[in-house]
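Trainee: I would like to learn how to read a model like this one. Can we go feature by feature?

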Amino acid sequence: MSVYWNSRVEKLEPYVPGEQPRDGKFIKLNTNENPYPPSPRVIEAIRQAAGELLRLYPDPECTKLRRVIAEQYQVRPDQVFVGNGSDEVLAFAFAAFFGNGDAPLLFPDITYSFYPVYAGLWDAPFRRVPLAEDFRIAVKDYFVKSGGVIFPNPNAPTGIGMPVHEALEAAAFQGKDNRVVVVDEAYGAFAGKGPEKGMLGSLSAAPFINDYPNLLTVHTLSKMGALAGLRAGFAIGNEALIQGLCRVRDSFNSYPVDRLAQAGAAAAVADTAYYAGITRKVIATRERIRAALDRLGIEALPSDANFIFIRCPGKDGAVLADALREKGVLVRHFNKERIADFLRVSIGTDSEMDEFLRAVKEAVNGGTL
Ligand code: PMP
């Protein structure tokens, strides 16, 4: 608390991101970064952009990047919005579309923990909708009057995907009242066996935006694009939604995406062959590790993402997380109702995941738990 804070800041409950250790001595499986490097074309594009033109502001409309995204996702450039990471795009979406009317915004009880933070920041009343027993989103629970709906697909931190027709049913229901449905597809590319067309994941609702004018899908280059350090994310939706996001951006910061990020992101989105390759590697590792954990008696929920959500029956999640940390492996534990027993483990390289398995075995057999 401080006497200098206004009442809005006093009331905030900021998001706490996963640890980013400085010394690099850990196997880092705690923030869902990609274990593989970005495409060499990305590095080359950033190198070329790192020139004297940096004295000029970047293109506020991200024209070239939006064109490349539009080509890959088979939409029009005016159906694309780009921001400084998808967190910023989400923050703008909350500001633009939620907090309207007399019913609360809806999102799952177990989901990306930034949603309640943005709702608090922009004063949007919300209601948490419990996941089903099996940790799936029960889409019918969203067929009620609301102030809008947001969920990730696949959900985080569970990793469980929702069939696209269910996401569209939520959009159809909410569309009757002109409520916006935001589908956060941060991990969408890792669904099933990997992207089918270009960068599009098999669960993506983006191809349907022309049929559902109240549907916005949100994407990031941080996960599949292996560019968490670059900060680029985007949204796909009908023109009115995109213009709503632009209105918020232009009331906040006209240049959120710098020249280097625009150049690097455009090169990434265009290099579908490279990214399909590393995405398939992550998916293969994910399935191998799920099977290995199963043999150890450790439950891993089905995952359509680049992480798995695991629990060791009868063991405390926080204690297991600490034991793994001692052995040099960082994973994420959420001290929250219903999921306190679970750990979220990002998928690393095969050798990192072998180290992780070794650390889990030692922790379980070594009696530390
Ligand atoms: N959505 C979800 C569900 C996430 O887990 C994350 C990563 N923390 C983001 C959005 C934001 O990613 P970024 O800002 O790096 O694009």
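Mentor: Start with strand pairing. Strands of a sheet pair through backbone hydrogen bonds, either parallel or antiparallel. This model is predicted. Here Val 80 has Ile 236 in S8 as its bridge partner.

Trainee: How many bridges join S2 to strand S8, and in which sense do they run, parallel or antiparallel?

Mentor: Four bridges join them, and the two strands run antiparallel. S8 spans residues 233-237.

Trainee: Which residues lie on each side of strand S2, and are they buried or exposed?

Mentor: The general idea comes before the case. In a regular strand the side chains alternate between the two faces of the sheet. S2 covers residues 80-83. Val 80 and Val 82 sit on one side, Phe 81 and Gly 83 on the other. All four are buried, and both faces of S2 are covered.

Trainee: What about an open sheet? In what order do the strands S9, S10 and S12 come?

Mentor: The order is S9-S10-S12, with antiparallel pairing. S9 (299-300) and S12 (342-346) are the edge strands, since each pairs on one side only. Two bridges link S9 to S10, residues 307-311. Glu 299 has Arg 311 in S10 as its bridge partner.

Trainee: On to the ligand. Which residues surround the ligand?

Mentor: Among them are Gly 85, Leu 90, Tyr 112, Asp 184, Tyr 187, Thr 220 and Lys 223. The shell divides into four nonpolar, four polar and four charged residues. Helix H4, residues 85-97, gives the most to the shell, with four residues.

Trainee: Which atom of Asp 87 lies 3.0 Å from an oxygen atom of the ligand, backbone or side-chain?

Mentor: A backbone N or O atom. Two other residues approach ligand oxygens through the side chain. A polar side-chain atom of Ser 222 lies 2.6 Å from an oxygen atom of the ligand. For Arg 231, the distance from a polar side-chain atom to a ligand oxygen is 2.8 Å. On its own the ligand has 400 Å² of accessible area, and the protein covers 92% of that.

Trainee: Now burial of single residues. Why does Glu 185 count as buried?

Mentor: Compare the relative accessibility with the cut-off. Buried means under 20%. Glu 185 counts as buried because its relative accessibility is 5%. Glu 185 is in the loop between strands S6 (181-184) and S7 (215-220). Its side chain makes a polar contact of 2.6 Å with the side chain of Ser 204. Beyond its sequence neighbours, Glu 185 touches residues including Asn 153, Leu 203, Thr 217 and His 219.

Trainee: Where does Thr 217 lie?

Mentor: In strand S7. Thr 217 is buried, with a relative accessible area of 0%. The side chains of Thr 217 and His 219 make a polar contact at 2.7 Å. Contacts further off in sequence include Val 183, Glu 185, Phe 234 and Ile 236.

Trainee: Can the same reading be applied to a helix? Why is helix H5 largely enclosed by the rest of the structure?

Mentor: Count its buried residues. Six of the eight residues in H5 (114-121) are buried, so the helix is largely enclosed. Those buried are Phe 114, Tyr 115, Pro 116, Val 117, Tyr 118 and Ala 119. Their cover includes H4 and strands S3, S4, S5 and S6.

Trainee: And the opposite case? Why does Lys 64 count as exposed?

Mentor: Exposed means over 50%. Lys 64 counts as exposed because its relative accessibility is 53%. Lys 64 lies in helix H3, residues 63-73.

Trainee: Last, the backbone geometry. Which peptide bonds should I inspect?

Mentor: Most residues other than glycine have a negative phi, and most peptide bonds are trans. Look for the exceptions. The bond from Asn 153 to Pro 154 is cis, with omega near -5°. The bond joining Ala 156 and Pro 157 is cis too, with omega about 5°. Pro 154 is in the loop between S5 and helix H6 (164-175), and Pro 157 is found in the loop between S5 and H6.

Trainee: What is the phi of Asn 178?

Mentor: Positive, about 55°, although Asn 178 is not a glycine. Asn 178 lies in the loop between H6 and S6 and is exposed, at 66% relative accessible area. Arg 338 has a positive phi of about 75°. Arg 338 counts as partly exposed, at 33% relative accessibility. Just after H5, Asp 123 takes a positive phi of about 55°.

Definitions and conventions
Residues numbered from 1 in each chain as written. Predicted model: local features only at pLDDT ≥ 70, side-chain atom pairs only at ≥ 80, totals over all residues. Heavy atoms only, no water. Buried < 20%, exposed > 50% of the residue type's maximum accessible area, 1.4 Å probe, protein only. Pairing = 2+ DSSP bridges. Near = heavy atom within 4 Å. Polar contact = N/O pair within 3.5 Å; in protein donor to acceptor, adjacent residues only side chain to side chain. Areas by Shrake-Rupley, 256 points an atom, 1.4 Å probe, with all protein chains shown as cover. Nonpolar A, V, L, I, M, F, W, Y, C, P; charged D, E, K, R; others polar. Contact = heavy atoms within 4.5 Å. Lists of a residue's contacts leave out its neighbours within four places in sequence.
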